[in-house]
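Q: Could you walk me through a few features of this model, one at a time?

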Amino acid sequence: MLRAIEHRGGKVLILDQSKLPHHIEDVECSDWRQVADCIKTLKIRGAPAIGIAAAMGAALGADSIKAGDFEEFIRKLEPVLSGLLSTRPTAVNLKWALERAKGRAFAEREHPVADIKEALWREAEEIHAEDIAANKAIGRWGAQFIKDGDTILTHCNAGALATGGYGTATAPIFVAHEEGRKINVIVDETRPVLQGARLTALEMKEAGIPATLITDNSAGALMRKGEIDLAIVGTDRTARNGDVANKIGTYSVAVLARENGVPFYVAAPMSSIDFAMPSGDMIPVEERSEDEVFHIGGVRIAPHGIKARNMAFDITPARYVTAIITELGAFRPKDIKKLNGPALAELNLEEIRL
Ligand code: MRU
């Protein structure tokens, strides 16, 4: 499986996803600013992968700090953390991972600065390893919804490339395939950056899973013809009321799925659930450059002198979501808020799992 990111020898290697599928090329980052640039320019993208990159970027930034004591160290780390945080606004994993890095620094404050720097690398590696484990658990919980012979629609890329290693929306697909179920995957191309056509299509091909690429505007027609059994997508941030922010076009897929009686699942590691966010209406939605809309593969397709709108994400209201599949199980959107905080320890998950 292609890997998005790796820590090697005090450097961060990021697979440049903007060059996929044609070129497999790493960017070698030895400065946190390079990591920030990779996030901004979509060389690494997908909420969990962005979180891992931010944690590694924080460790890289910490390494370059000269400080005699903890106070000086944390003061100098602050601009690194805020620089990484400012790269992209929608995926909550970015904030979550940076808060973990900062928390780890504070937890180690009695130790020498050199040890705190070491601890930040360990924190980043733990975030990475936990994400892979969460992906695999999502795969096991989600595979129950996929039957032999099913055709599954997915939007954007919520695969290995978007995460620590196995994907969220793709994880149930991989498990169903590994268990021998005959499945088909319909891949939305996902304009304007084409994460479906370039990345998900590549992952499906590499895994030997039968997949068909469609233009984004074909999904409704295929659902109406009864050719799609279920849809699974990822999320950049899910609010406590179960509203889901994900790649632009997800909302249209969800509404069409409801209209056509197709179950619509969201695969979300707990790190993508923002319990402090009451509803999707308040989730910041990134607006990217008009240029991404004007061009395909570097070729201008629109006349000069016209404007473009490029919202990178949309919000799907919880009522369209059949279930949210996390590493703790699959839940109705209305039950997601119960998974937060100390109450979680006392919760009988069996009672609310689907
Ligand atoms: O703009 P991107 O490519 O970062 O958007 C990615 C998505 O929308 C994914 O579906 C989401 O981050 C979930 S990845 C497991």
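Q: Where is Pro-192 found?
A: Look in the loop that runs between β5 (184-188) and α7 (195-207); helices (H or I, at least four residues) and strands (E, at least two) are DSSP runs, numbered from the N terminus. A cis peptide bond, with omega about 5°, joins Arg-191 to Pro-192. This is a predicted model, where local features need pLDDT of at least 70, side-chain atom pairs count only at pLDDT 80 or more, and totals for chains, interfaces and linings use all residues. Residues are numbered from 1 along each chain as its sequence is written, and side-chain values use heavy atoms, leaving out hydrogens and water.

Q: Which peptide bond is cis, with omega near 5°, in the loop between β2 (11-15) and β3 (26-29)?
A: That is the bond from Leu-20 to Pro-21, and Pro-21 has its place in that loop.

Q: What is the phi of Cys-156?
A: Cys-156 is not a glycine, yet its phi is positive, about 65°. Cys-156 lies in the loop between β4 (151-154) and α6 (170-178).

Q: Which polar contacts does the ligand make with Arg-45 and Ala-47?
A: A polar contact is a pair of N or O atoms within 3.5 Å. Here, a side-chain N or O atom of Arg-45 is 2.8 Å from a ligand oxygen, while for Ala-47 a backbone N or O atom lies 2.8 Å from an oxygen atom of the ligand.

Q: Which domains supply the shell around the ligand?
A: Domain bounds come from an automatic or database domain assignment. The shell draws at least three residues from each of domain 1 (5-135) and domain 2 (143-352).

Technical notes:
A polar contact is a pair of N or O atoms within 3.5 Å; within protein, one must be able to donate a hydrogen and the other to accept it, and residues adjacent in sequence count only if both atoms are side-chain atoms.
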